[in-house]
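Me: I would like a close look at one single part of this protein, followed outward into the rest of the chain. Please take your time, and give the cut-off behind each term where you first use it.

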Amino acid sequence: MNARTTRTFAAALSLTAALAISGCSGKAEPKMTVSGAFMPQPVNDKMAGGFLVIKNGSGTADKLTGATSSLSDDLQIHETKDQKMQQVQSMDVPANGELRLERGGSHIMFMGLKSTPKIGDKVTVELRFEKAGPVKVELDVKDRTYNAQAPSTASGHAH
């Protein structure tokens with residue numbers, strides 16, 4: 001091989017390697033959409049629950065890692081197991097699947113409300129994920145007895 005052929009071959013090899021690396025590391029960021037978001041009207045300013053369905057429209061699994069809202073400085077992710085509620089650090093949002101936060105099951109807990117929203121109000125929440133970018137959603141404040149029409153496999157006590 002002469003010097004020119006060697007340089008051309010090296011450049012082609014470098015380009016091929018760069019394309020291969022960018023293709024391998026570039027899994028698409030998960031695409032999250034939210035539906036059915038609501039909050040039953042809180043009884044007082046101590047706590048409230050947020051319920052919604054997060055759909056992951058990509059082939060990459062992700063995790064819900066947190067939430068923020070101007071209504072409370074302390075939003076927590078809770079799961080209910082064996083009729084006991086507990087705070088967790090994250091919840092899985094499966095690839096091409098969904099995470100259901102619903103009464104009697106997993107939910108977002110608002111602790112120490114700055115005000116008490118009324119029926120018809122909207123509460124803005126920003127959901128945080130491990131991989132996907134943040135998603136802003138508005139929770140419609142509904143009657144305390146409201147429950148979404150989605151089929152539920154969980155039973156238990158609502159907040």
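Reply: A good place to begin is Asp62, which touches Pro30, Met32, Asn56, Met91, Asp92, Val93, Phe129, Glu130, Lys131 and Ala132 when residues up to four places away in sequence are not counted (contact means heavy atoms within 4.5 Å). This is a predicted model, in which local features need pLDDT of at least 70 and side-chain atom pairs count only at pLDDT 80 or more, while totals for chains, interfaces and linings use all residues. Residues are numbered from 1 along each chain as its sequence is written, and side-chain values use heavy atoms, with hydrogens and water left out.

Asp62 belongs to strand β3, residues 62-68 (helices, H or I of at least four residues, and strands, E of at least two, are DSSP runs numbered from the N terminus). With a relative accessible area of 3%, Asp62 is buried (under 20% is buried, over 50% exposed and anything in between partly exposed, with a 1.4 Å probe and protein chains only). A polar atom of the Asp62 side chain lies 2.8 Å from the backbone nitrogen of Ala132, and Ala132 is also one of the residues that Asp62 touches. (A polar contact is a pair of N or O atoms within 3.5 Å; within protein, one must be able to donate a hydrogen and the other to accept it, and residues adjacent in sequence count only if both atoms are side-chain atoms.) The C-alpha atom of Asp62 is 7.2 Å from that of Ala95, a residue 33 places away along the chain.

From there one may step to Asn96, which sits in the loop between β6 (91-93) and β7. Asn96 counts as exposed at 55% relative accessibility, whereas Asp62 is buried. The phi angle of Asn96 is near 50 degrees, a positive value in a residue other than glycine. Gln83, in the loop between β4 (74-81) and β5 (84-88), likewise has a positive phi, near 60 degrees, and is exposed with a relative accessible area of 63%.

Another of the residues touched by Asp62 is Asn56, and residue 56 ends strand β2, which spans residues 47-56. Eight of the ten residues of β2 are buried, so this strand is largely enclosed by the rest of the structure. Strand β2 pairs with β1 (residues 32-40) in the antiparallel sense over five bridges (two strands pair if DSSP finds at least two bridges between them), and β1 and β2 form a hairpin with six residues between them. Strand β2 also pairs in the antiparallel sense with β7 (residues 98-101), over four bridges, and there Leu52 has Leu101 as its bridge partner. With β8 (residues 107-111) the pairing is again antiparallel over four bridges, with Met109 as the bridge partner of Gly49. Strand β8 contains His107, which is buried at 2% relative accessible area; a polar atom of the His107 side chain lies 2.8 Å from the backbone oxygen of Gly105.

Across the hairpin, Phe38 stands opposite Phe51 in β2, and these two residues form one aromatic cluster with Tyr146. The structure holds two aromatic pairs (rings of Phe, Tyr and Trp, the last by its six-membered ring, pair if their centres lie within 6.5 Å; planes under 30 degrees apart count as stacked, over 60 as edge-to-face and the rest as tilted). The rings of Phe38 and Tyr146 have centres 4.8 Å apart and planes at 85 degrees, so this pair is edge-to-face. Phe38 lies in β1 and Tyr146 in the segment after β10 (135-142), so the pair ties together parts that are 108 residues apart in sequence. Phe38 is buried at 4% relative accessible area, while Tyr146 is partly exposed at 29%.

Phe129, also touched by Asp62, leads to the largest nonpolar core, which has 28 residues; those with the most contacts inside it are Ile54, Leu64, Phe110, Val125, Leu127, Phe129 and Leu139. (Such a core is a set of buried Ala, Val, Leu, Ile, Met, Phe, Trp, Tyr and Cys residues joined through side-chain atoms within 4.5 Å.) Among the residues that Leu139 touches are Phe38, Phe51, Leu52 and Phe110.

For the wider setting, the chain has one helix and ten strands, and 36% of its 159 residues count as buried.
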